Amino acid sequence: MSSGEGRHGRHDLVPLAALLSREMKNEKMEKPSVSYGHAAQSRKGEDYFLIKTDCERVPGNPSSTFSVFAIFDGHNGNAAAIFTREHLLSLVLNAVPHGLGREEWLLALPRALVAGFVKTDKEFQRETSGTTATFVIVDAWTVTVASVGDSRCILDTQGGGISSLTVDHRLEENVEERERVTASGGEVGRLSIAGGAQIGPLRCWPGGLCLSRSIGDLDVGEFIVPIPYVKQVKLSNAGGRLIIASDGIWDALSSEMAAKSCRGLPAGLAARQVVKEALRTRGLKDDTTCIVVDIIPPDNSAQHLSPLKKQNILRAFLFRMRPRGSAHKPSKKLATVGIVEELFEEGSAMLAERLVV
């Protein structure tokens, strides 16, 4: 499993004392606490997860701690999922410039996540297996999510608003991804059987993969890319719950069903309840993995909006897609009543667009 220890650069850009001082000044709100739980049922043995709560932006400074939660759903074997679990975190952190304060560090994360995903894919050259990756960084009230494939992360805010922090890269359901693959020269179609009948979900050929983005999959050609969809949001001091799960959950439960099935339960019990509900609905047809993360206000006494009003605001503002031309630029726009601030969103599969400084 990857180490989350801070790195010592060869050239210190900022004295440690200055970094510590800057960290203290940037803490405008008291940090929330983070509670988490994990549950899983295995069928094929290709789901893997990562939980690391002691990462530090500044080595030796406990106030710079952040947490990482991730799920890797492998296919055609488990090699890619294991490799990604062991290396992705360190490759992401290595892509963040040295000597940054917290705000600058958060601004640099989206680009570093893209670089880390691409580097992980490039370094995994031994097998033809592949994996999804849903990678979540929680730093105080700021949540940054990067994902390829069809594992999903949803946000359930206090009051009942449920929204997705990821985009599924399934060819069957994602029209934009189908168009991208075919425009690049790939072929999208179903599996043909004797007599010319076509069965199953849409796949990319050659290779027959149902996903348009993944890490690994060396045998499927250049149309399947490791470039993640990235979203970064800042929660209000009401906090919220993250549910991160593989498609063994989402093939059985909608986002709303998963969130509602575990409300009122602590994170550990909540994760088990989501898995239990998925198995009750569909049975154990695939590896089924769930992580629940609660971001809890220090005094747990924040005022909440009514569920209906809150849900409408989140749907109308927070999770709409921006035009491609400006999507890579951070947004400073606030939700109307300050529930959640969207800091960044980008889903382009063009690497040149994603690594612009």
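# A guided tour of the fold and its salt bridges

Start with the cysteines: a search of the whole structure turns up zero disulfides, a disulfide being a pair of cysteine sulfur atoms within 2.5 Å. Before you go on, note that this is a predicted model, in which local features need pLDDT of at least 70 and side-chain atom pairs count only at pLDDT 80 or more, while totals for chains, interfaces and linings use all residues. Residues are numbered from 1 along each chain as its sequence is written, and side-chain values use heavy atoms, with hydrogens and water left out.

**Stop 1: two cysteines.** Select Cys204, which is buried at a relative accessible area of 1%. Here buried means under 20% relative accessible area, exposed means over 50%, and partly exposed lies in between (1.4 Å probe, protein chains only). Then pick Cys210, which counts as partly exposed at 23% relative accessibility.

**Stop 2: the whole chain.** Switch to a cartoon view and you have nine helices and 15 strands to explore; helices (H or I, at least four residues) and strands (E, at least two) are DSSP runs, numbered from the N terminus. Of the chain's 357 residues, 53% count as buried. Turn on the surface, and the accessible area is about 15700 Å², with 52% of that belonging to carbon and sulfur atoms; such areas come from the Shrake-Rupley method with a 1.4 Å probe, and for residues only the protein chains shown count as cover. Among contacts (heavy atoms within 4.5 Å) between residues at least 6 apart in sequence, 71% join residues at least 24 apart.

**Stop 3: helix α3.** Select residues 102–123, the 22 residues of helix α3. The end C-alpha atoms of α3 are 29 Å apart, which agrees with an expected span of 32 Å at 1.5 Å a residue; that expected span is 1.5 Å times one less than the number of residues. Now zoom in on Leu109, where α3 has a kink of about 40°, shortly before the proline Pro110. The bend at a residue is the angle between axes fitted to the seven residues ending there and the seven starting there.

**Stop 4: salt bridges.** The structure holds 20 of them, each a side-chain nitrogen of Lys or Arg within 4 Å of a carboxyl oxygen of Asp or Glu. Show Asp139 and Arg57 as sticks: their closest N and O atoms are 2.3 Å apart. Asp139 belongs to strand β5 (residues 133–139) and Arg57 to the loop between β2 (47–56) and β3 (65–75), so this salt bridge ties together parts 82 residues apart in sequence. Asp139 is buried at 0% relative accessible area, and Arg57 also counts as buried, at 12%.

Next, select Arg152 and Asp168, a salt bridge whose closest N and O atoms lie 2.8 Å apart. Arg152 sits in strand β7 (residues 152–157) and Asp168 in the loop between β8 (162–164) and α4 (175–183), 16 residues apart. Both Arg152 and Asp168 are buried.

Move on to Arg170 and Asp247, where the salt bridge has its closest N and O atoms 3.2 Å apart. Arg170 lies in the loop between β8 and α4, and Asp247 in helix α5 (residues 247–250), 77 residues apart. Add Asp150, Glu173 and Asp251 to the selection: salt bridges with shared partners join these with Arg170 and Asp247 into one network.

**Stop 5: back to β7.** Finish at Leu155 in strand β7, which counts as buried at 2% relative accessibility. Draw a distance to Gly240: the two C-alpha atoms are separated by 6.8 Å, with the residues 85 apart along the chain.
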